[in-house]
Amino acid sequence: MGFGFESTYRKGDKGKYQLVVGKKAWKRLKQRLKVFTRKTTPMTFDERIQKINDRRRQQRS
């Protein structure tokens, strides 16, 4: 699944929840993004941004 719901724990917000990303899903995303953002990878800044945006689009579909 990759996400869950947790209560907000704010005063006066009884019964309200927020969507949170699961720990494993967050860790997996960070690992995938590190491949594109490494300083030793020979890419221009624009190429890095393009790859990150492509990756985001893939995850949404």
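In this predicted model, the protein chain has a radius of gyration of 17 Å, whereas a compact globule of 61 residues would have one near 10 Å. The dimensions of the C-alpha trace can be set beside that value, since along its principal axes the trace of the protein chain spans about 50 × 25 × 20 Å. One pair of residues gives a sense of these distances: Pro-42 and Asp-13 are separated by 29 residues in sequence, and their C-alpha atoms lie 49 Å apart in space. Pro-42 belongs to the loop between α1 and α2, and with a relative accessibility of 79% this proline counts as exposed.

The balance between covered and uncovered residues can be described for the chain as a whole. Of the 61 residues in the protein chain, 10% are buried. The accessible surface of the chain amounts to about 5900 Å², and carbon and sulfur atoms account for 54% of that surface. As for contacts along the sequence, if one takes those in the protein chain with a separation of 6 or more, 5% of them join residues that are 24 or more positions apart.

**The order of the elements**

The protein chain contains two helices and two strands, and when it is read from the N terminus on, these elements follow one another in the order β-β-α-α. Strand β1 covers residues 3-7 and strand β2 covers residues 17-21, with a loop between them in which Thr-8 is placed. Helix α1 is made of residues 23-37, and helix α2 is made of residues 45-60.

**The strands and the loop between them**

Is Thr-8 buried or exposed? Thr-8 has a relative accessibility of 16%, and it counts as buried because this value falls under the cut-off of 20%. If neighbours within four places in sequence are left aside, the residues in contact with Thr-8 are Asp-13, Lys-16, Tyr-17 and Gln-18. One of these contacts, Tyr-17, lies in strand β2, and Tyr-17 is itself exposed, with a relative accessible area of 56%.

Tyr-17 also takes part in a nonpolar surface patch of about 500 Å², which it makes together with Phe-3, Phe-5 and Leu-19. Both strands contribute to this patch, for β1 and β2 each supply at least two of its residues.

Two members of the patch have a further relationship with each other. The structure holds one aromatic pair, and it is formed by Phe-3 and Phe-5, whose rings are arranged edge-to-face, with 6.4 Å from centre to centre and 85° between the planes. Phe-3 is partly exposed at 41% relative accessibility, while Phe-5 is exposed, with a relative accessible area of 60%.

Strand β2 also includes Val-21, which is exposed with a relative accessible area of 51%. Apart from neighbours within four places in sequence, Val-21 is in contact with Gly-2, Phe-3 and Trp-26. Val-21 and Phe-5 are 16 residues apart along the chain, and their C-alpha atoms are separated by 8.7 Å.

**The helices**

Leu-33 is a residue of helix α1, and at 25% relative accessibility it counts as partly exposed. Leu-33 and Ile-49 are 16 residues apart in sequence, with a distance of 11 Å in space from C-alpha to C-alpha.

How many salt bridges does the structure hold? There is one salt bridge in the structure, and it joins Arg-57 to Asp-54, with 2.8 Å between the closest N and O atoms. In general, side chains of opposite charge can pair when their charged atoms come close. Both partners, Arg-57 and Asp-54, lie in helix α2, where they are three residues apart, which is about one turn of the helix. Asp-54 is partly exposed, and its relative accessible area is 32%.

**C-alpha distances side by side**

The three pairs of residues mentioned above are collected here, each with its separation along the chain and its distance in space.

| Pair | Separation in sequence | C-alpha to C-alpha distance |
|---|---|---|
| Val-21 and Phe-5 | 16 residues | 8.7 Å |
| Leu-33 and Ile-49 | 16 residues | 11 Å |
| Pro-42 and Asp-13 | 29 residues | 49 Å |

Definitions and conventions
Residues numbered from 1 in each chain as written. Predicted model: local features only at pLDDT ≥ 70, side-chain atom pairs only at ≥ 80, totals over all residues. Heavy atoms only, no water. Helix = DSSP H or I, 4+ residues; strand = E, 2+ residues; numbered from the N terminus. Buried < 20%, exposed > 50% of the residue type's maximum accessible area, 1.4 Å probe, protein only. Contact = heavy atoms within 4.5 Å. Salt bridge = Lys/Arg side-chain N within 4 Å of Asp/Glu carboxyl O. Phe/Tyr/Trp six-rings, centres within 6.5 Å; stacked < 30°, edge-to-face > 60°. Rg over C-alpha atoms; globule rule 2.2 N^0.38 Å. Areas by Shrake-Rupley, 256 points an atom, 1.4 Å probe, with all protein chains shown as cover. Patch = residues over 30% accessible without salt bridge, like charges linked within 9 Å, V, L, I, M, F, W, Y side chains within 5 Å.
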